[in-house]
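The following questions and answers walk through a single chain and its ligand. Each answer sets out its reasoning before it arrives at the value or name requested.

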Amino acid sequence: MQQSVSGFSKFSKAEKINWLISNYFNENSDAKSVLKSYWNSNEKLQQLHDEFIENTISNFYMPFGIAPNFLINGALYTLPMTIEESSVVAAASNAAKFWWSRGGFKTSVISTTKIGHVHFMFEGNSTILKSYFENIKPQLLESTKPLTKNMEKRGGGILDLKLVDCTKKMSHYFQLETTFETKDAMGANFINSCLEQIASTFETLTQNSNALKGYQPKIVMSILSNYVPECLVRAEVSCRVDELTLDGHFSGEEFAEKFMQAVRIAEVEPYRAVTHNKGIMNGVDAVVIATGNDFRAVEAGVHAYAAKDGHYASLSHASLDNGIFKFWMDIPLALGTVGGLTGLHPMVKLALEMLGKPSAPQLMEIVAVAGLAQNFAALRSLTTTGIQKGHMKMHLLNILNQIGANTTEKEQLVQHFKTNSVSHRAVVDALKNLRD
Ligand code: HMG
């Protein structure tokens, strides 16, 4: 059985690799050369990547694609997309092209505030705690001033601090709920530092006071929330219904009706809503990752928002009123365009530069559009040709690579599949025929 290892974090990179190889691979394995083949020959760049995380032994590439023709509030963008799944960039590009000639995407930032909590337990009288909290609130806020000074200069800072009684959810449970504006920063470090300061001041003040009649609040933890329903952006598209006509196969009305039924199903049926929203996240995550933002935080917050009405539902909605088809989505996105990886990762810097160095609210708009575009493309395929036709067309090269086709064979088979439908079996057979 594998032995545990002590002091591993102190090993050199070479020692870590040797440890891994000797414990998990046999001597003939090419694991070491695979790991090394992903090292960057530019040593400075490699060191930068090594230091992003801990115990780094190699890099893990993701493709960086671009999707042009995104008309957003009248300005044209090319979106950077980092994703491993075929057909996502094509779908985004396809939807962008479709809506480019129909007025493009419109967006609006609804709100930009974030929330964090000092979670604590208190067994005393809640009315006394409430009035005590109001008395010490100015001191709690004052203690964060060294931390909030620079953020305030940028127009952000702490917007509100309140005591929340959560004892109906859990005995003795209270929160100091703090609302923040973090401008162009995602703000996680800023928020957590402020919360820890508030917690520490709260602890000191309560320890030295008799006002709580001998009951001492006990801090459990201080942390921001990745649920950000007040950091919300709307993206939408609309056009006359007759402009939705698809390749002469569907009238605009037929397409709109089927499309709205598909959206409605995702609004009422969680099994469908999860897949529907996954399609949205194809676009959202790809731009979030390319711009160096925290996709786990975004994912967690978005899915919580999708369940805000008590059941998991579609994030997007569609309507047809007075001959106007409209498709829209409100999505919570806590993003940053300064701090974190944004100033460190060369590809992230490049991605932000190609977007015109957006502010955080502008990036929220762009990311929401990527999600809506992706959802539109997927629903359009699902309700017309079916998803597999386009998806497998894009997946063809992956299948060819997987089954070992060489460059000439790939070229010939890509031609062949321009007029034949793609499936794994069909590609294997076609390669076999070609070789025979
Ligand atoms: P098509 O109509 O066959 O494409 O669509 P086309 O060859 O006629 O080209 C039209 C445009 O599509 C191009 O314009 C590009 O914008 C784009 P052009 O550049 O020629 O002026 N496009 C491409 N862009 C880059 N590289 C390419 C490429 N090909 C076309 N190779 C397409 C083909 C795949 C776009 C379409 O069928 C589609 O949008 N399908 C949806 C695919 C999709 O949603 N994929 C996500 C993965 S599936 C999934 O995870 C989510 C899902 O489960 C969510 C849900 O259930 O809701 C489906």
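Q: Which relative accessible areas separate buried, partly exposed and exposed residues?
A: The model is predicted, and its residues are sorted by relative accessible area. Buried means under 20%, and partly exposed is the class in between. Exposed residues are those over 50%.

Q: Is Tyr215 buried, partly exposed or exposed?
A: The relative accessible area of Tyr215 is 43%. Because the class between buried and exposed runs from the 20% to the 50% cut-off, Tyr215 counts as partly exposed.

Q: What percentage of the residues in the chain is buried?
A: The chain holds 15 helices and ten strands, and its C-alpha atoms fill a box of roughly 90 × 70 × 40 Å along the principal axes. Of the 436 residues in the chain, the buried ones make up 43%.

Q: How many aromatic pairs does the count give?
A: Rings of Phe, Tyr and Trp form a pair if their centres lie within 6.5 Å. By this rule the count comes to 19 aromatic pairs.

Q: Which class, stacked, tilted or edge-to-face, describes the rings of Phe122 and Tyr215?
A: A pair of aromatic rings is described by the distance of the centres and the angle of the planes. The centres of the Phe122 and Tyr215 rings are 6.3 Å apart, and their planes stand at 75 degrees. Since planes over 60 degrees apart count as edge-to-face, the pair of Phe122 and Tyr215 is edge-to-face.

Q: How many residues apart are Phe122 and Tyr215?
A: Phe122 belongs to the loop between strand S4 (113-121) and helix H5 (126-143), whereas Tyr215 belongs to the loop between helix H7 (188-207) and strand S7 (218-224). Phe122 is buried at a relative accessible area of 2%, while Tyr215 is partly exposed. The pair links distant parts of the chain, 93 residues apart.

Q: Which class describes the ring pair of Phe255 and Phe259?
A: The ring centres of Phe255 and Phe259 are 5.5 Å apart, with their planes at 55 degrees. Because that angle falls neither under 30 nor over 60 degrees, the pair of Phe255 and Phe259 is tilted.

Q: Which helix holds both Phe255 and Phe259?
A: Both Phe255 and Phe259 are buried, and ring pairs link them with Phe98, Trp99, Phe325, Phe327 and Phe376 into a cluster. They lie four residues apart, about one turn of the helix, and the helix in question is H8 (residues 252-268).

Q: Which residue lies over the face of Phe295?
A: A charge sits over a ring if NZ of Lys or CZ of Arg is within 6 Å of the ring centre and within 35 degrees of the ring normal. One such case is Lys16, whose charged end sits over the ring of Phe8 at 5.9 Å from its centre. In the case of Phe295, the residue over the face, at 4.7 Å from the ring centre, is Arg296.

Q: What is the phi value of Lys357, a residue in the loop between helix H11 (346-354) and helix H12 (360-382)?
A: Lys213, in the loop between H7 and S7, has a positive phi near 55 degrees and counts as exposed at 61% relative accessibility. Lys357 also counts as exposed, at 63% relative accessibility. Phi of Lys357 is likewise positive in a residue other than glycine, and its value is near 45 degrees.

Q: What percentage of the ligand's accessible area does the protein cover?
A: Of the 24 residues around the ligand, Ser87, Lys97, Arg272, Lys278 and Lys393 come nearest. Oxygen atoms of the ligand lie 3.3 Å from a side-chain N or O atom of Glu85, 3.5 Å from a backbone N or O atom of Ser93, and 3.2 Å from a polar side-chain atom of Asn282. On its own the ligand has 1100 Å² of accessible area, and the share covered by the protein is 66%.

Q: How far apart are the C-alpha atoms of Pro332 and Glu230?
A: Pro332 lies in strand S10 (residues 324-332) and counts as buried at 1% relative accessibility. Pro332 and Glu230 are 102 residues apart along the chain, yet their C-alpha atoms are separated by 7.2 Å.

Conventions
Residues are numbered from 1 along each chain as its sequence is written. This is a predicted model: local features need pLDDT of at least 70, side-chain atom pairs count only at pLDDT 80 or more; totals for chains, interfaces and linings use all residues. Side-chain values use heavy atoms; hydrogens and water are left out. Rings of Phe, Tyr and Trp (its six-membered ring) pair if their centres lie within 6.5 Å; planes under 30 degrees apart count as stacked, over 60 as edge-to-face and the rest as tilted. Helices (H or I, at least four residues) and strands (E, at least two) are DSSP runs, numbered from the N terminus. Buried means under 20% relative accessible area, exposed over 50%, partly exposed in between (1.4 Å probe, protein chains only). A residue is near a molecule or strand if one of its heavy atoms lies within 4 Å of it. A polar contact is a pair of N or O atoms within 3.5 Å; within protein, one must be able to donate a hydrogen and the other to accept it, and residues adjacent in sequence count only if both atoms are side-chain atoms. Accessible areas come from the Shrake-Rupley method with a 1.4 Å probe; for residues, only the protein chains shown count as cover.
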